[in-house]
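Colleague: I'm new to this one. Can you put it up and walk me through it?

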Amino acid sequence: MKIQGRTFVVSGGASGLGRACVRDICAAGGNAVILDMNEELGASLVSELGPSSAKFLPCDVSDTSSIASAVDSAVAWIKETGKPLGGIIPAAGVGNPGLILDKKLRPVSLESVDFVLSINLRGTIDLVRQFLPHLAGAPPEGSDGERGVVIMVASAAAFEGQMGQVAYAASKGAVAAMTLPMARDLSRFGIRVVTIAPSMFESNMTAQLSDTVRKGLYKAMEFPLRPGQPEEFSSLVRHSIENIMLNGVVIRLDGATRMPSKL
Ligand SMILES: NC(=O)c1ccc[n+]([C@@H]2O[C@H](COP(=O)([O-])OP(=O)(O)OC[C@H]3O[C@@H](n4cnc5c(N)ncnc54)[C@H](O)[C@@H]3O)[C@@H](O)[C@H]2O)c1
């Protein structure tokens, strides 16, 4: 899939890994629709990239009607620009750690579990689901008749969740697990599905980690001995868009880091 001349929808596109994808896509001649709840960051990214390449739409991915109105506005913008949809990148996500049972024998609240699942899992499915009819209707490209690609974001926690990550790991494990069936469902339309599972990357999410947790995570790293940079994530997204043989796969992006039991 060529990035140039196509539009890519990025949820969580106002910050961190999603923002790096938006920048990369626009630098490669594509257009980006940024869906996010952070209007300030979204607006500043559009002023950096220019309103002819980037469009910010406020959207809460845990709210199905909010996605529906974002789809309508995105489709209208795509009609205006004449750059058909080429991909969906659901990168919005939250951490919200919590032990399943704490020292005082209090179980994790179901509200906090629902909060994580409704954004990371249900929000991913709903966003993809609502944009797919438009991706399947995009003009096919090249001799394979490719229409587009869905690139989901899992996490190392899908495989080695740490203490306090039951809900987060459940959400990311589910995203990893649905990669292959989604690719199978969408093959008839010429749409691929790739999931990237990053270890620790610099972003607003990881900026909130305490020094102790951060130091512990460094011990689990092999090489390089540092968190990933958002641009290292977006360069794999870009490759995943461009390489038609990547399909139905979960790719770890972690410098051989394996999360330990305790930090
Ligand atoms: N940074 C890491 O170390 C790391 C590692 C593994 C996976 N991830 C995953 O990468 C994705 C991006 O995270 P990040 O590190 O860039 O974090 P980030 O906090 O910098 O960006 C996340 C963005 O999602 C947006 N968002 C949150 N809830 C939303 C909602 N309900 N609707 C729409 N937008 C919403 C936020 O406003 C924010 O702009 C997440 O899915 C995260 O779980 C991150």
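Modeller: A term first: helix angles under 35 degrees count as roughly parallel, over 145 as roughly antiparallel, 65 to 115 as roughly perpendicular, and the rest as oblique. The model is predicted, with local features needing pLDDT of at least 70 and side-chain atom pairs pLDDT 80 or more, while totals for chains, interfaces and linings use all residues. Residue numbers start from 1 along each chain as its sequence is written.

Colleague: Let's start with the sheet. What is the strand order?

Modeller: The order is β3-β2-β1-β4-β5-β6-β7. These seven strands form an open sheet, and their pairing is parallel. Strands (E, at least two residues) and helices (H or I, at least four) are DSSP runs numbered from the N terminus. Strands pair if DSSP finds at least two bridges between them.

Colleague: Which strands sit at the edges?

Modeller: β3, residues 54-58, and β7, residues 249-253. Each of them pairs on one side only.

Colleague: How many degrees are neighbouring strands turned against each other?

Modeller: On average 20 degrees, with direction ignored. Axes are lines fitted to C-alpha atoms (for helices, over the stretch in contact), and angles between N-to-C directions run from 0 to 180 degrees.

Colleague: How many bridges join β1 and β4?

Modeller: Five, in the parallel sense. β1 covers residues 7-11 and β4 covers 85-90. Take Val 10: its bridge partner in β4 is Ile 89.

Colleague: On to helices. How do α1 and α9 cross?

Modeller: At roughly 55 degrees, and their axes come within 8 Å. α1 is residues 16-27, and α9 is residues 230-242. The two helices are therefore oblique to each other.

Colleague: Which residues meet there?

Modeller: From α1, Gly 16, Leu 17, Arg 19, Ala 20, Cys 21 and Asp 24. From α9, Pro 230, Glu 231, Phe 233, Ser 234, Ser 235, Val 237 and Arg 238. Contact here means C-beta atoms, placed from the backbone, within 7 Å. By class, this contact has six nonpolar, three polar and four charged residues. Ala, Val, Leu, Ile, Met, Phe, Trp, Tyr, Cys and Pro count as nonpolar, Asp, Glu, Lys and Arg as charged, the others, Gly among them, as polar.

Colleague: And α3 with α4: at what angle do they pack?

Modeller: About 30 degrees, with the axes 10 Å apart. α3 and α4 are therefore roughly parallel to each other. α3 runs over residues 64-81. It brings Thr 64, Ile 67, Ala 68, Val 71 and Val 75 to the contact. α4 brings Asp 126, Leu 127, Gln 130, Phe 131 and His 134. That contact divides into six nonpolar, three polar and one charged.

Colleague: How far apart are the axes of α4 and α5?

Modeller: 9 Å, at an angle of about 15 degrees. α4 and α5 are therefore roughly parallel too. α5 is residues 166-177. The residues that meet include Val 113, Val 116 and Leu 117 of α4, and Ala 167, Tyr 168 and Ala 170 of α5. Here the classes are nine nonpolar, four polar and one charged.

Colleague: New topic. How many residues surround the ligand?

Modeller: 30, counting a residue if its C-beta atom, placed from the backbone, lies within 6 Å. The closest are Gly 12, Ser 15, Gly 16, Gly 93 and Ser 203. α1, α4 (110-136) and α7 (204-207) each give two or more residues to this shell. The shell has 14 nonpolar, 14 polar and two charged residues.

Colleague: Last one, the backbone. Which peptide bond is cis?

Modeller: The one from Phe 223 to Pro 224, with omega near 0 degrees. Pro 224 lies in the loop between α8 (211-219) and α9.

Colleague: What about phi of Leu 105?

Modeller: Near 65 degrees, a positive value in a residue other than glycine. Leu 105 sits in the loop between β4 and α4.

Key: Two residues are in contact if their C-beta atoms, placed from the backbone, lie within 7 Å.
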